[in-house]
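Trainee: Could you take me through one part of this model in detail? I would like to see how a single helix sits among its neighbours.

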Amino acid sequence: MTSSVEHLLLRHAKEGGPAAIEAIQSAVKSNIIDINATETPTSQTALHTASRKGNADVVEALLDLGADVDRRQRRVCKNKKEDQHGEGGGESGESGGPTALHLAVQVGHPEVVRVLLRHGA
């Protein structure tokens with residue numbers, strides 16, 4: 001289950017803006033939260049959320065704070081309610097789901113795509 005701090009991180013990533021970036025930076029620098037914390041059951045990180053929402057400024061801040069640009073979400077089969085694991089399937093988040101880059105391309109956020117590519121996606 002996602003903790004309230006992790007939920008707050010994901011909310012800030014979704015909302016974007018200077019206040020959200022400041023809150024994320026403060027939480028990470030104070031070791032209150034891991035920048036790669038995930039929401040269950042999809043293993044979605046703040047980077048995935050910000051990329052999907054088109055918050056390029058938040059994506060940039062998360063990457064500058066050490067977010068894993070190549071981390072994949074877990075694919076969940078909705079009608080069978082069981083994980084669809086790809087090649088890795090381990091703790092690293094390598095479970096065959098989309099990366100932040102995949103999400104930004106899929107939704108159509110070219111500025112986010114550029115930020116991700118500058119950071120090695």
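Mentor: Happy to; let us look at helix 1 and its surroundings.

This is a predicted model, so a word on the ground rules: local features need pLDDT of at least 70, side-chain atom pairs count only at pLDDT 80 or more, and totals for chains, interfaces and linings use all residues. Residues are numbered from 1 along each chain as its sequence is written, and side-chain values use heavy atoms, with hydrogens and water left out.

Helices here are DSSP runs of H or I with at least four residues, numbered from the N terminus. Helix 1 covers residues 4–15, which makes 12 residues. The expected span is 1.5 Å times one less than the number of residues; that comes to 16 Å, and the end C-alpha atoms are 16 Å apart, so the two agree. After the helix comes Gly16, with a positive phi near 70°.

Now for its sides. Buried means under 20% relative accessible area, exposed over 50%, and partly exposed in between, using a 1.4 Å probe and protein chains only. In helix 1, Glu6, Leu9, Leu10, His12 and Ala13 are buried. Viewed down the axis, these buried residues fall within an arc of 160°, so they line one face of the helix; the arc is taken from the directions from the helix axis to the C-beta atoms. Ser4 and Glu15, on the other side, are exposed.

What lies over the buried residues? The cover includes helix 2 (18–29), helix 3 (46–53) and helix 4 (56–64), where contact means heavy atoms within 4.5 Å. From helix 2, take Ala23: its C-alpha atom is separated by 8.3 Å from that of Leu9, 14 residues apart along the chain. Ala23 counts as partly exposed, because its relative accessibility is 27%.

Helix 3 deserves a closer look. Two packed helices are described by the angle between their axes and the distance between the axes. Axes are lines fitted to C-alpha atoms, for helices over the stretch in contact, and angles run from 0 to 180 degrees between N-to-C directions. The axes of helix 1 and helix 3 come within 7 Å and cross at roughly 20°. Angles under 35 degrees count as roughly parallel, so helix 1 and helix 3 are roughly parallel to each other. Leu9, Leu10, Ala13 and Lys14 of helix 1 make the contact with Ala46, Thr49, Ala50 and Lys53 of helix 3.

Note on methods. Helix = DSSP H or I, 4+ residues; strand = E, 2+ residues; numbered from the N terminus. Parallel < 35°, antiparallel > 145°, perpendicular 65-115°, else oblique.
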